[in-house]
Amino acid sequence: MSFKILSEKENGLLKRKELTGEMIFTGATPSNEHVRKEVAAAAKVPEDAVVVKRILCEFGCTKAIVSAYAYPTKAALEAVEPKKKEKKAKPGEAPAEAAK
C-alpha cells in the first residue's frame, strides 16, 4: 500500500492541513484506520491527529483518492472537529451509564 500527496492546503484559521492524495493498494479498499496511518506518515503528524473525510474508489480499481485533514496535535483536532454521536439504547435495554 502506498500513499502520495497530490495537493496540500494550509488552513491557518483552523490550524490544519487539508490533504488530497492517491492511495494504491491490493485487494479490498483499505479501512479508515489503515488510511489514517498512511496519511499520518506522509504528513509527519501523529496518527490521532488525522481525520479521514473521504475514500473515493471506483469498482475494480486498486487506486483511491483520499481526502483528509491533518492537525498538529490531538488537542487541535478536538477543538475543531464535531464530536461523534453516542448510539441510542434499543427499547428494552438499559442505557450503558445506568448499568454501571
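This report describes the nonpolar cores, salt bridges, largest pocket and some single residues of a predicted model.

## Nonpolar cores

In soluble globular proteins, nonpolar side chains tend to be buried together. In this model the largest nonpolar core has 15 residues, and the members that touch the most others are Met23, Val35, Val39 and Val66. Two or more residues of this core come from each of the elements β2 (16–24), α1 (32–43), β3 (50–57) and β4 (63–70). A second core, separate from this one, has 5 residues, among them Ala49, Tyr71, Ala76 and Leu77.

Met23 shows what surrounds one member of the largest core. Leaving aside residues up to four places away in sequence, Met23 touches Met1, Ser2 and Phe3, as well as Pro30, Val35 and Glu38. Its contacts also include Thr62, Lys63, Ala64 and Val66.

## Salt bridges

Side chains of opposite charge can pair when their charged atoms come close. The count for this model comes to 7 salt bridges. Three of the pairs are set out below.

| Pair | Closest N to O distance | Places in the chain |
|---|---|---|
| Glu22 and Lys63 | 3.6 Å | strand β2 and strand β4, 41 residues apart |
| Glu33 and Arg36 | 3.4 Å | helix α1, 3 residues apart |
| Lys74 and Glu78 | 4.0 Å | helix α2, 4 residues apart |

The pair Glu22 and Lys63 links distant parts of the chain, with one partner in strand β2 and the other in strand β4. Is Glu22 buried or exposed? Glu22 has a relative accessible area of 17%, under the 20% limit, and therefore counts as buried. Lys63, at 45% relative accessibility, is partly exposed.

The other two pairs in the table each lie within a helix. Glu33 and Arg36 are separated by about one helical turn because they are 3 residues apart in helix α1. Glu33 is partly exposed at 38% relative accessibility, and Arg36 is partly exposed at 25%. Lys74 and Glu78 are 4 residues apart in helix α2 (residues 74–80), which is also about one turn of the helix. Lys74 is partly exposed, with a relative accessible area of 40%, and Glu78 is partly exposed, with 44%.

Salt bridges also join residues into a network, whose members are Arg16, Glu18, Lys53 and Glu81.

## The largest pocket

Rolling a probe the size of a water molecule over the atoms shows where empty space is left. In this model the largest pocket holds about 420 Å³ of space. Its lining has 15 residues, and those closest to the centre are Val51, Leu77, Glu81, Pro82 and Lys84. Leu77 is also a member of the second nonpolar core, and Glu81 is part of the salt-bridge network.

Which elements give two or more residues to the lining of the largest pocket? They are α1, β3 and α2. β3 gives the most, with 4 residues. By type, the lining divides into 9 charged, 5 nonpolar and 1 polar residue.

## Single residues

Ser67 lies in strand β4. Ser67 has a relative accessible area of 18% and is buried. Apart from residues up to four places away in sequence, Ser67 touches Leu19, Thr20, Val52, Lys53 and Arg54. Ser67 is 23 residues from Lys44 in sequence, and their C-alpha atoms are 16 Å apart in space.

Lys44 is found in the loop between α1 and β3. It is exposed, with a relative accessible area of 75%. Its phi is near 60 degrees, a positive value in a residue other than glycine.

Lys15 likewise has a positive phi, of about 55 degrees, although it is not a glycine. Lys15 is in the loop between β1 (2–11) and β2, and at 56% relative accessibility it counts as exposed.

Glu58 is placed in the loop between β3 and β4. At 58% relative accessibility, Glu58 is exposed. Glu58 and Pro46 are 12 residues apart along the chain, and their C-alpha atoms are separated by 29 Å.

How values were computed
Residues numbered from 1 in each chain as written. Predicted model: local features only at pLDDT ≥ 70, side-chain atom pairs only at ≥ 80, totals over all residues. Heavy atoms only, no water. Core = buried A, V, L, I, M, F, W, Y, C linked by side-chain atoms within 4.5 Å. Buried < 20%, exposed > 50% of the residue type's maximum accessible area, 1.4 Å probe, protein only. Contact = heavy atoms within 4.5 Å. Salt bridge = Lys/Arg side-chain N within 4 Å of Asp/Glu carboxyl O. 1 Å grid on protein atoms, 1.4 Å probe; cavity = no way out; pocket = protein on both sides within 12 Å on 5 of 7 lines; lining within 4 Å. Points joined across faces, edges and corners; volume = space filled by probe spheres on them. Nonpolar A, V, L, I, M, F, W, Y, C, P; charged D, E, K, R; others polar.
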